[in-house]
Each structure stands twice: as structure tokens, then as C-alpha cells.
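Here are some notes to read alongside the model, written for someone opening it for the first time. Keep the viewer open and follow the points in order.

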Amino acid sequence: MERLVIEGGKRLTGSIRVHGSKNAALPILAAVVMAKGETEIHDVPNLDDISVMLDILRSLGARVTRVGSTVTVDPSSIHTTDVPEYLMRLMRSSIFLMGPLLARFGTVRISKPGGCSIGTRPIDLHLKGLERLGAKIIDKHGFIECNATRLQGATIFLDLPSVGATENLMMAAALAHGETVIGNAAREPEIRDLAAFLTQLGAKIEGAGDDTIVIEGVSELQGTSYRVSPDRIVAGTLMIAAAITEGHVQLRNVRPFDLAAVTMKLREAGVQVTPLHDILEIKRSGPLAAVERVQTSPYPGFPTDLQAPFMSLMTIAEGVSVISETIFEDRFQHVSELQRMGASIKVDFRTAFVRGVKELTGAVVEATDLRAGAALALAGLAAEGTTVLERIHHIDRGYEGFEVQLRELGAKIRRVRETGKDSIALADG
Ligand SMILES: CC(=O)N[C@H]1[C@@H](OP(=O)(O)OP(=O)(O)OC[C@H]2O[C@@H](n3ccc(=O)[nH]c3=O)[C@H](O)[C@@H]2O)O[C@H](CO)[C@@H](O)[C@@H]1O
Ligand SMILES: C=C(OP(=O)(O)O)C(=O)O
């Protein structure tokens with residue numbers, strides 16, 4: 001069991017590079033099974049979710065190598081399209097294998113995916129969309145079997161702009177016969193990334209990044225070499241880390257426009273954010289002001305994945321902030337942990353009212369999911385005294401070298417492993 005021990009009160013300063021995006025890399029790695037040749041993907045972050053995806057590819061028979069942040073996949077030796085249940089259950093993104101395997105091999109068998117407990121997270125839109133493309137689907141006993149000799153292009157209108165469903169359907173449609181139109185599609189930057197990757201494989205896609213995507217199916221896709229875009233959620237988390245510690249940090253390898261919603265809210269709170277090409281500078285030198293309206297919504301709105309970290313920031317802002325979560329129904333699990341640290345928060349259904357306190361105080365707290373974990377670590381950076389953050393395996397799903405990066409910026413944070421009665425410090429902070 002590992003935990004993070006954080007001594008609060010250190011200002012973060014310095015410059016750090018943001019690693020490649022988890023949410024872009026995962027569907028891209030799944031899409032690789034559709035190519036005929038070998039594919040090389042650069043800037044793949046070293047995260048637990050990525051390791052699971054590579055294990056799934058290996059379990060199917062693909063040859064996978066990883067050298068630093070470059071992953072090479074040769075799918076020509078794939079001999080099964082039956083994804084092992086224990087791997088499916090390890091993360092939500094295992095669902096990305098469904099569209100590509102079905103489109104390339106005409107059959108796929110998966111179990112319901114696992115993932116963070118932030119809501120019920122059904123996959124009905126993925127399944128309905130594949131059915132529209134002609135797949136025969138049997139959903140029984142927790143397993144889903146899909147079959148189609150060749151998928152047929154169709155018009156699909158999503159009930160809501162699901163990121164995962166848009167990606168799964170875009171991948172499946174790339175090898176379908178004829179034209180597919182996805183209406184009410186998600187517009188997240190990761191959709192653009194996936195479309196750019198598929199286009200390099202030979203797919204024909206128009207409109208990715210808008211709410212209508214048109215895909216003209218092709219009969220085969222070839223391998224390529226591709227660089228994953230920077231992780232905007234990691235960047236956003238580090239922006240908030242700089243703000244919460246009254247720091248001055250430069251982030252390299254970012255796309256400032258993708259972070260516009262967060263930038264606006266940080267500025268409203270009194271934080272200076274200065275973009276320069278692929279660099280963002282974040283500086284706070286005065287008090288934080290409460291932000292009256294933060295509402296998560298699909299891109300380009302405020303991202304749900306930064307709601308918890310932003311709430312940590314608002315716990316020490318002057319005044320009352322109002323934060324509404326509209327995407328996931330159970331994404332306020334960090335609230336009770338922040339309250340242990342002295343935060344004053346009241347929740348009414350999907351809205352949290354955060355009254356800023358003068359200071360948070362260190363406590364033993366638990367990460368309930370990936371971004372809740374990051375949020376609590378940020379709270380610990382600002383708190384008086386020591387914070388011990390448990391269940392940090394959640395953080396390792398989405399942040400490569402989380403505490404190492406923060407330490408490089410001057411935080412006093414270390415990872416400790418429990419071994420029976422003893423605890424071993426894994427690195428000094
Ligand atoms: C790997 C990845 O990219 N994960 C991101 C992706 O998750 P993910 O792709 O799972 O999120 P979705 O956009 O699909 O989910 C949005 C909402 O739609 C609902 N829904 C979704 C699919 C479906 O078939 N039926 C349905 O009802 C979900 O329960 C949720 O309430 O987008 C989320 C929303 O920006 C982010 O928080 C996640 O970090
Ligand atoms: C919810 C997240 O990821 P996933 O969809 O992989 O569970 C996240 O990245 O915050």
C-alpha cells in the first residue's frame with residue numbers, strides 16, 4: 001500500500017514539461033488494432049491505464065514494445081478478439097477496443113468495463129451506435145458479443161455528446177462500408193487527436209472537433225508514426241497547483257487554447273495566466289477570490305476532470321464559490337475529505353457551495369478516484385501541517401511521476417510504502 005505524505009506551505013516555482021495525454025493515447029492505442037502494419041506512438045505517458053491497454057493488446061496477440069515514451073505495436077499477430085474480463089474491469093477505457101476489433105475482424109467479445117466510481121457510466125450510446133452501423137449485439141451475463149461481416153455507414157445522432165461513444169463510433173466507421181455521420185458528437189481536443197491519428201492511418205474523416213463528424217469508410221488502414229498531444233488535464237492540475245501555493249510556474253508542452261475555460265476561471269480568482277505559444281505561465285501574488293459560477297460541461301466548457309482540483313483551490317478563496325457538476329452524478333466524493341482538512345463546503349444535489357477558509361489543515365485523507373486524489377494532494381500542498389493521502393493508485397492512473405513533478409517545483413511531498421509494521425520512504429521530499 002502506498003501513500004503520499006505532504007508537508008504544506010511551500011510555494012511552487014520553476015518550469016515543467018507536461019506529458020502526453022492519457023485520454024488521447026488510450027483510444028489511439030486501441031485504434032492501432034485496425035492497421036495492417038506496425039505503428040509507433042510517441043509521448044505515450046507511463047501510467048497504469050496505459051499499461052493495462054498494452055496488456056490487453058498483448059493478450060490479443062499483438063506484439064508490443066515500449067522504449068521510454070514510445071510505444072510500438074504490431075497488430076499482425078492478433079489471434080483473438082476476446083478481451084479478458086480481468087483486464088476489461090481494470091479501467092473504463094477498455095471499451096475502446098470494441099469498435100476497432102469489430103470493424104477490423106468482424107467480431108468482438110468483451111465484458112462491461114470497470115473504472116473510477118464517479119457515476120453509473122452506462123455504455124448504451126456505444127452499443128446503439130454500433131447497432132446503427134449494422135452490428136448484431138448480444139448483451140448477456142455481463143458480457144457483450146458483437147458481430148458484423150462488414151459494418152455499414154449510417155447516420156447516428158447521439159443523445160448526448162459522449163466522448164467515448166464518439167471515439168468508438170468514429171473508429172468503427174473508419175473501416176465501415178460507405179458514409180457515417182455522427183451528430184451531437186463530442187468536441188473534446190482528444191477527438192481531434194484521434195481523428196488526426198486515424199487520418200494518418202488512411203481514414204477519411206471531416207469535422208472532428210465540431211458537433212457533426214463525417215467519416216467515409218475505407219477498406220484498410222496502414223501503420224504510421226504519431227505523437228500524442230499534451231495532457232490538458234495534467235496541465236490544468238499543475239496550473240491549479242501553482243495557484244493554490246501562491247506560486248510562479250511555467251508549463252511547457254501545452255495548448256493554451258484547450259485550457260481556455262480553466263484559464264478564465266483562474267483569472268476570475270485573481271491568478272495571472274500568461275500564454276506564449278506552447279507555454280503557459282501561472283503566477284499568484286495576492287489573495288484568491290471566490291468564483292461565483294463554475295459549471296462543468298462538455299468541451300469547450302469547464303472540464304469535469306478539473307472540477308475537484310478547482311474546488312480545492314476555492315476552499316481557501318475569499319467568499320463563496322458555487323461549483324456545479326453536470327456530467328457525472330457522483331463526482332463530489334472529495335468533498336468529505338476536503339472537509340476533514342477544514343474546508344467549509346455544503347452540497348445541494350449537484351452543486352457545491354464552498355465558503356473559503358483562512359487555512360486548510362493537514363489530515364489523513366483518501367483518494368476516492370483519480371481527480372479527487374489530485375485535488376486532495378493540491379489541498380495538502382496549501383494546508384498547514386502534514387497531509388497523508390491514501391489510496392494513491394487512483395492518481396497513478398492519470399499522472400506520470402505526480403509527486404516527482406511537484407517536488408521538482410519545490411513541493412515537500414514523498415511517496416511512502418507500507419510493508420507490515422514499517423513504512424519505507426520511496427524518495428525524499
Ligand atoms: C478516457 C477518457 O477520455 N475519459 C474521459 C471521457 O470519459 P467518457 O468517455 O467515459 O465520458 P462520456 O463523455 O462518455 O460521459 C459523459 C456522460 O455521458 C454518459 N454516458 C456516456 C456514454 C453512454 O453510452 N451513455 C451515457 O449515458 C456518462 O454516464 C456521463 O454522464 O470523458 C469524460 C467527460 O469529459 C472525462 O471525464 C473522462 O476523463
Ligand atoms: C474519469 C477519468 O478517466 P476515465 O474515463 O478513464 O475513468 C479522468 O481521466 O478523470
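**Notes on the two ligands and what surrounds them**

1. Let's start at ligand 2. Bear in mind that this is a predicted model. Around ligand 2 you'll find Asn23, Met91, Arg92, Ser93, Gly115, Cys116, Ile118, Asp305, Leu370, Arg371 and Gly398. Sorted by class, that shell comes to four nonpolar, four polar and three charged residues.

2. Which domains supply the shell around ligand 2? Both domain 1 (2-19 + 230-425) and domain 2 (22-227) give at least three residues each. Note how the domain assignment splits the chain: domain 1 is made of two stretches, 2-19 and 230-425, with domain 2 covering 22-227.

3. Now go to ligand 1, which has 22 residues around it. The closest are Asn23, Leu125, Ser162, Val163 and Gly164. Helix 1 (22-31), helix 5 (124-132) and helix 6 (163-174) are the elements that contribute two or more residues to this shell. The class count here is 10 nonpolar, seven polar and five charged. Domain 1 and domain 2 again give at least three residues each, this time to the shell around ligand 1.

4. Asn23 deserves a click of its own, since it is listed around ligand 2 and is among the closest residues to ligand 1. You'll find Asn23 in helix 1. Is Asn23 buried or exposed? Asn23 counts as buried because it has 25 C-beta neighbours inside 10 Å, where 20 or more are needed. For a sense of scale, Asn23 and Arg417 are 394 residues apart along the chain, and their C-alpha atoms are separated by 28 Å.

5. Cys116, also in the shell around ligand 2, is listed as "active site" in an unreviewed UniProt entry. Look for Cys116 in the loop between strand 6 (107-111) and helix 5. Its 21 C-beta neighbours inside 10 Å are why Cys116 counts as buried. Setting aside residues up to four places away in sequence, Cys116 touches Asp369 and Leu370. Leu370 is itself part of the ligand 2 shell.

6. How do the domains meet? Their C-alpha centres lie 30 Å apart, and 17 residues of domain 1 are in contact with 16 residues of domain 2. On the domain 1 side of that contact there are five nonpolar, two polar and 10 charged residues.

7. Next, the cores. In soluble globular proteins, nonpolar side chains tend to be buried together. Here the largest nonpolar core has 74 residues, and Leu238, Met239, Ala243 and Leu378 have the most contacts inside it. A second, separate core holds 72 residues, including Ile28, Leu101, Val108 and Ile215. Back in the largest core, Ala243 is in contact with Leu266, Ala269, Val271, Ile282, Arg284 and Leu313, leaving out neighbours within four places in sequence.

8. One more residue to look up is Ile156, in strand 9 (residues 155-157). Ile156 counts as buried because 23 C-beta neighbours lie inside 10 Å. Beyond four places in sequence, its contacts are Gly129, Arg132, Leu169, Thr180, Ile182 and Gly183.

9. Last, the record. The unreviewed UniProt entry lists residues 7-405 as "domain: Enolpyruvate transferase". Over that range the chain is 32% helix and 24% strand, and the end C-alpha atoms are 15 Å apart.

Note on methods:
Residues numbered from 1 in each chain as written. Chains lettered and ligands numbered in written order. Predicted model: local features only at pLDDT ≥ 70, side-chain atom pairs only at ≥ 80, totals over all residues. Core = buried A, V, L, I, M, F, W, Y, C linked by C-beta atoms within 7 Å. Buried ≥ 20, exposed ≤ 12 C-beta atoms within 10 Å, placed from the backbone. Contact = placed C-beta atoms within 7 Å. Near = placed C-beta within 6 Å. Nonpolar A, V, L, I, M, F, W, Y, C, P; charged D, E, K, R; others polar. Domains from an automatic or database assignment. UniProt positions renumbered as here; feature names shortened; annotations may be inferred. Helix = DSSP H or I, 4+ residues; strand = E, 2+ residues; numbered from the N terminus.
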